[in-house]
Amino acid sequence: MPLNELEKAVLEALLRKTPNELHILERQLKEIDVSSRRNTGGGFYCKLEPNKIAEPSSAKFIGGVFADVEGLSHPMAFVLFIKEGFIDTLEGAATDENTANIDFSNVRFEIIE
Amino acid sequence: MADAITSSDFYNLTILQAGKDIGDLLSHPGEIPGAIASVAPGLGPIAELPQAVSGALGVIRAIGTVGAGATDDLSNPNADTTVPQLPDQNKLNHIFGNPDHNLDPVVQQFGGQSAAYNAIEQAAINGLGSGTGTYTTVVEVGGANVTVTGAYVNGVPRIGTAFIP
């Protein structure tokens, strides 16, 4: 599955947080696929399949990106987890709100950095 | 003499270190000698605990008071629901159900997910104080460095997610 608009925007914002790893992670993001998505009610998890021909990263996670998401009163927090050098999972976490009825693939949002 | 929560004040209790999950205890008040406990929809637990039991639970801190005489109207729309309460089960599953978050040692130390969540949130409150907007910070909880990120709600830092990298 391809990335949805929210995932694309969040990943771009997250990569800008790590200038030293930017080129490595950009190469991993080329031709990246989404293998699964799960809305937990407290946010979502998006499991990613990166380009593993690329060089591994030394980062373990990248955070510090938030977004106002339609249907939520407070910003969502986003974290990209990197496992054994490769992009693994994008997490979106709501604050004090239930996300069960939000379709994250068809939602309006605004990135906060 | 009991550590009483009177009918005119609601307190939200946070266990900083506990041998048992307060959610479990409050759902089985019969297991607490001399305790009266109930859960008000939307308002969290209302509890009256004997002092000895409070001590056994660990350090219980009253975070705030809301709504004089609120027991007369448990659906009080003016109640400040942003003061920390027992966390939502979806939130607990989201944070603690992901093994990549590496939080099992914290859950074990505090005796349950609710207690661990409250300990993390209390550590964030202690470390950050009041504010606005969003935050990402690292707090020490039970000897572990936990990365926490979220947003301030009515000036209080609330948890979006937490993990040990």
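Which residues are buried in helix 5 of chain B? They are Gln113(B), Ser114(B), Ala115(B), Ala116(B), Tyr117(B), Asn118(B), Ala119(B), Ile120(B), Glu121(B), Ala123(B) and Ala124(B). Keep in mind, while going through the views below, that this is a predicted model.

**View 1. Helix 5 of chain B, from end to end.** Here we look at helix 5, which covers residues 113-128 of chain B. How far apart should its ends be? With 16 residues at 1.5 Å a residue, helix 5 of chain B should span 22 Å, and its end C-alpha atoms are indeed 22 Å apart, so the two values agree. Just after helix 5 of chain B comes Gly129(B), and its phi is positive, near 70 degrees.

**View 2. Ala115(B), one residue of that helix.** Ala115(B) sits in helix 5 of chain B. Why is Ala115(B) counted as buried? Because it has 27 C-beta neighbours inside 10 Å, and 20 or more are needed for that label. Now find Leu86(B) as well: it is 29 residues away from Ala115(B) in sequence, while the C-alpha atoms of the two are 8.8 Å apart in space.

**View 3. The three-stranded sheet of chain B.** Pull back a little, and strands 6, 7 and 8 of chain B come into the picture, forming an open sheet in the order 6-7-8 with antiparallel pairing. Strand 6 (134-141) and strand 8 (156-163) are the edge strands of chain B, each with pairing on one side only. Going from one strand to the next, the twist averages 40 degrees. Helix 5 of chain B lies across strand 6, strand 7 and strand 8, and runs at about 115 degrees to strand 6 of chain B.

**View 4. Strands 6 and 7 of chain B, side by side.** How many bridges join strand 6 of chain B to strand 7 of chain B? There are 8, and the two strands run antiparallel, with strand 7 taking up residues 144-153. For one such pair, look for Thr136(B), whose bridge partner in strand 7 of chain B is Thr149(B).

**View 5. The hairpin of strands 7 and 8 of chain B.** These two strands make a hairpin with 2 residues between them. In the turn, Asn154(B) has a positive phi of about 50 degrees. Strand 7 and strand 8 of chain B are antiparallel too, and they pair over 7 bridges. To pick one out, start at Tyr152(B) and look across to Pro157(B), its bridge partner in strand 8 of chain B. Strand 8 of chain B is mostly covered, with 8 of its 8 residues buried.

**View 6. Where chain B touches chain A.** On this side, 17 residues of chain B are in contact with 24 residues of chain A. Helix 3 (89-96), strand 6, strand 7 and strand 8 of chain B each supply at least two of the residues that touch chain A. Sorted by class, this side of chain B has 3 nonpolar, 10 polar and 4 charged residues.

**View 7. The partner, chain A.** Chain A has 2 helices and 6 strands, and from the N terminus on its elements run α-α-β-β-β-β-β-β. The radius of gyration of chain A is 13 Å, close to the 13 Å given by the globule rule for 113 residues, so chain A is as compact as a globular protein of that length. Its C-alpha atoms fill a box of roughly 40 × 25 × 20 Å along the principal axes. Of the 113 residues of chain A, 39% count as buried.

Definitions and conventions. Residues numbered from 1 in each chain as written. Chains lettered and ligands numbered in written order. Predicted model: local features only at pLDDT ≥ 70, side-chain atom pairs only at ≥ 80, totals over all residues. Pairing = 2+ DSSP bridges. Helix = DSSP H or I, 4+ residues; strand = E, 2+ residues; numbered from the N terminus. Axes fitted to C-alpha atoms, helices over the stretch in contact; angles between N-to-C directions. Contact = placed C-beta atoms within 7 Å. Nonpolar A, V, L, I, M, F, W, Y, C, P; charged D, E, K, R; others polar. Rg over C-alpha atoms; globule rule 2.2 N^0.38 Å. Buried ≥ 20, exposed ≤ 12 C-beta atoms within 10 Å, placed from the backbone. Expected span 1.5 Å × (residues − 1).
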